[in-house]
Amino acid sequence: MLRTFGKMREQAIGKVRRYFLLRFRKAYVAQQEKNRQGECNQCGNCCELLFKCPFLIKNDTGDTLCSIYENRPKQCAAFPIDTRCLSEVDFDCTYTFGTEPSILQIDNVQDR
Ligand code: SF4
Ligand code: SF4
């Protein structure tokens with residue numbers, strides 16, 4: 001997959017951002033999980049962000065499989081957290097989101 005420098009930069013920032021959200025913005029991630037609609041079609045696009053994950057198996061028909069699915073990292077299971085994640089795979093993902101609250105809105109509710 002050919003990527004521009006801009007796309008690689010976006011995907012690198014996205015990986016760091018998801019790590020940060022999962023670690024420090026758990027309420028936002030939980031809320032977004034409820035907002036998320038659709039199902040994974042196992043395209044594997046999110047397994048090739050920045051680089052192809054060594055645990056990704058692709059068969060001849062183009063189907064993909066995670067060889068450590070039961071033990072995959074939280075970041076994998078959480079993808080996509082929000083619309084910004086979808087932009088990293090050029091919206092070529094079968095999950096969508098309804099209206100997204102901001103992280104600050106959720107943090108404010110949690111603090112009350
Ligand atoms: S990009 Fe979306 S549809 Fe494709 S494997 Fe990842 S979560 Fe599933
Ligand atoms: S560990 Fe599995 S789900 Fe996570 S990126 Fe690799 S192949 Fe995809």
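1. A quick word on terms before I start: helices here are DSSP runs of H or I with at least four residues, numbered from the N terminus. On that reading R18 lies in helix α1, residues 5–24. Keep in mind throughout that this is a predicted model.

2. Overall layout. The protein has five helices and four strands, and along the sequence they come in the order α-α-β-β-β-α-α-β-α. Of its 112 residues, 14% count as buried. Among the contacts with a separation of 6 or more, 64% join residues 24 or more positions apart.

3. Confidence. The mean pLDDT of the protein is 90, and 87% of the residues reach at least 70. Helix α4 (residues 83–88) has the highest mean of the elements, 97, while helix α5 (residues 103–111) has the lowest, 59. Where pLDDT is low, the predicted coordinates should not be read in detail. I'd leave the fine geometry of α5 alone, given that mean of 59.

4. Back to R18. Is this arginine buried or exposed? R18 counts as buried because 25 other C-beta atoms lie within 10 Å, and the cut-off for buried is 20 or more. Leaving out neighbours within four places in sequence, R18 is in contact with Q75, A78, I81 and C85. The C-alpha atoms of R18 and C85 are 8.5 Å apart, although the two residues are separated by 67 positions in sequence.

5. The core. In soluble globular proteins, nonpolar side chains tend to be buried together. The largest nonpolar core here has nine residues: L21, Y28, C46, C47, L49, F79, I81, C85 and V89. Two of the R18 contacts, I81 and C85, are members of that core. C47, another member, is in contact with C53, L56, T64 and C66, once neighbours within four places are set aside.

6. Ligand 1. The residues around ligand 1 are C40, N41, Q42, C43, G44, N45, C46, F79, V89, C93, T94 and Y95. By class that shell has seven nonpolar and five polar residues, with no charged ones. C46, F79 and V89 of this shell also appear in the largest nonpolar core.

7. Ligand 2. Here the surroundings are C47, C53, F55, L56, C66, I68, R72, P73 and C76. This shell has eight nonpolar residues, no polar ones and one charged. Note that C47 is listed in this shell, as are its contacts C53, L56 and C66.

8. Helix α2 (residues 26–35). Which residues of α2 are buried? They are Y28, Q31 and Q32. These three sit on the same side of α2, because they cover an arc of only 100° around the axis. The face turned away from that buried side carries the exposed residues K26, A30, E33 and K34.

9. Backbone spots worth a look. Most residues other than glycine have a negative phi, and most peptide bonds are trans. F79 and P80 are joined by a cis peptide bond, with omega about -5°; P80 is in the loop between α3 (74–78) and α4. L50 has a positive phi, near 75°, and belongs to the loop between β1 (36–38) and β2 (56–58). With 15 other C-beta atoms within 10 Å, L50 is partly exposed. D90 also has a positive phi, about 55°, and lies in the loop between α4 and β4 (95–97). D90 counts as exposed because it has 9 C-beta neighbours inside 10 Å, where the limit for exposed is 12 or fewer.

Definitions and conventions. Residues are numbered from 1 along each chain as its sequence is written. Chains are lettered from A and ligands numbered from 1 in the order in which they are written. This is a predicted model: local features need pLDDT of at least 70, side-chain atom pairs count only at pLDDT 80 or more; totals for chains, interfaces and linings use all residues. A residue is near a molecule or strand if its C-beta atom, placed from the backbone, lies within 6 Å of it. Ala, Val, Leu, Ile, Met, Phe, Trp, Tyr, Cys and Pro count as nonpolar, Asp, Glu, Lys and Arg as charged, and the others, Gly among them, as polar. pLDDT is the predictor's confidence in each residue, from 0 to 100. Helices (H or I, at least four residues) and strands (E, at least two) are DSSP runs, numbered from the N terminus. A nonpolar core is a set of buried Ala, Val, Leu, Ile, Met, Phe, Trp, Tyr and Cys residues joined through C-beta atoms within 7 Å. Two residues are in contact if their C-beta atoms, placed from the backbone, lie within 7 Å. The arc is that of the directions from the helix axis to the C-beta atoms.
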